[in-house]
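The report that follows describes aromatic pairs, helix burial, salt bridges and a surface patch. Please read it alongside the sequence and the structure shown here.

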Amino acid sequence: MTRKHRILYRQGTGFWRMTAKWILVFGAVYLLDGGLLRSWGDALVWPMLGILLWVPFAVGVVWYPKRNQRVTLTTRELRIRRKRLPMEKVNLLHVARLWMEERSTLDDQPVSEWIRVDRVVWAPLQDGQAFGVEFRDPAAFAKVFGAFAVAACGGPEIVRARAAAETYPEPRPMRARPTGSDGDGSWLDALDIFD
């Protein structure tokens with residue numbers, strides 16, 4: 001399966017999604033203010049405010065270092081911006097085993113219980129390390145990544161048999177887990193409203 005170049009998951013910068021939501025919010029306020037509360041001329045202040053505020057917010061989304069980075073998962077590689085991680089370097093058996101246990105990272109917390117602040121999905125590597133990637137919706141990526149790993153390893157029964165027979169080191173993070181509390185990761189902030 002890893003020889004085919006089929007796209008399994010793609011995350012863009014979120015720029016156009018944020019811009020569309022921004023237009024809907026300020027457009028609705030403009031229509032409400034102009035049609036019910038004040039005159040259309042007075043309500044023009046809302047589109048102007050939207051345009052003025054859009055510039056720093058839009059730049060923030062495009063330049064946001066982690067959660068809005070471009071990510072593409074194919075059957076051949078995981079691409080983060082311009083970096084490429086070939087599937088040959090990923091321990092897909094470990095990914096598949098964790099996914100079948102309803103986990104997908106080094107965390108013990110099930111994927112279904114993740115909160116938006118926990119944005120990092122760890123990809124365990126063959127050398128015993130783990131590479132962390134931050135997402136806007138980490139659970140969605142973990143679902144696709146886990147299902148792909150199970151299929152690539154031959155299915156649930158083969159994964160269970162190989163996991164019981166093979167031994168490999170428990171992956172260790174290549175760096176400390178990014179979280180909003182220590183300043184390395186992305187906070188759940190005002191940009192989430194429009195992104």
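Helices (H or I, at least four residues) and strands (E, at least two) are DSSP runs, numbered from the N terminus. The model is a predicted one, in which local features need pLDDT of at least 70 and side-chain atom pairs count only at pLDDT 80 or more, while totals for chains, interfaces and linings use all residues. Residues are numbered from 1 along each chain as its sequence is written, and side-chain values use heavy atoms, with hydrogens and water left out.

**Helix α4 and its cover**

Just after helix α4, Glu102 adopts a positive phi of about 65°. Within α4 itself, which spans residues 92-100, the buried residues are Leu92, Leu93, His94, Val95, Ala96 and Leu98, where buried means under 20% relative accessible area, exposed means over 50%, and partly exposed lies in between (1.4 Å probe, protein chains only). The cover over these buried residues of α4 includes β5 (120-124), α5 and α6 (156-165).

**Aromatic pairs**

Rings of Phe, Tyr and Trp (its six-membered ring) are paired if their centres lie within 6.5 Å, and planes under 30 degrees apart count as stacked, over 60 as edge-to-face and the rest as tilted. The structure holds 8 such aromatic pairs. In one of them, Tyr9 and Phe141 meet edge-to-face, at 5.3 Å centre to centre and with 75° between the planes. This pair links distant parts of the chain, since Tyr9 lies in strand β1 (residues 7-11) and Phe141 in helix α5 (residues 138-152), 132 residues apart. Tyr9 counts as buried at 13% relative accessibility, and Phe141 is likewise buried at 1%. The pair of Phe15 and Trp16 is edge-to-face because the ring centres are 4.8 Å apart and the planes stand at 80°. Here Phe15 counts as buried, at 17% relative accessibility, whereas Trp16 counts as exposed, at 67%. Ring pairs also join Tyr9, Phe135, Phe141 and Phe145 into a cluster.

**Salt bridges**

Side chains of opposite charge can pair when their charged atoms come close. A salt bridge is taken here as a side-chain nitrogen of Lys or Arg within 4 Å of a carboxyl oxygen of Asp or Glu, and a search of the whole structure finds 6 of them. The table lists three, including the N to O distance of each.

| Acidic residue | Basic residue | N to O distance |
|---|---|---|
| Glu77 | Arg79 | 2.9 Å |
| Glu101 | Arg97 | 3.1 Å |
| Glu166 | Arg162 | 3.2 Å |

Glu166 is partly exposed, with a relative accessible area of 38%, and Arg162 is also partly exposed, at 32%. Salt bridges with shared partners connect Glu77, Arg79 and Arg84 into one network. Of these residues, Glu77 counts as buried at 10% relative accessibility, while Arg79 counts as partly exposed at 28%. In the bridge between Glu101 and Arg97, Glu101 is partly exposed at 39% relative accessibility, and Arg97 is partly exposed at 22%.

**A nonpolar surface patch**

Leu32, Leu36 and Leu37 make a nonpolar surface patch of about 350 Å². Patches are made of residues with over 30% relative accessible area and no salt bridge, like charges being joined within 9 Å and nonpolar side chains (Val, Leu, Ile, Met, Phe, Trp, Tyr) within 5 Å. Leu32 has its place in helix α1 (residues 15-37) and is partly exposed, with a relative accessible area of 46%.

Terms used:
Areas by Shrake-Rupley, 256 points an atom, 1.4 Å probe, with all protein chains shown as cover. Contact = heavy atoms within 4.5 Å.
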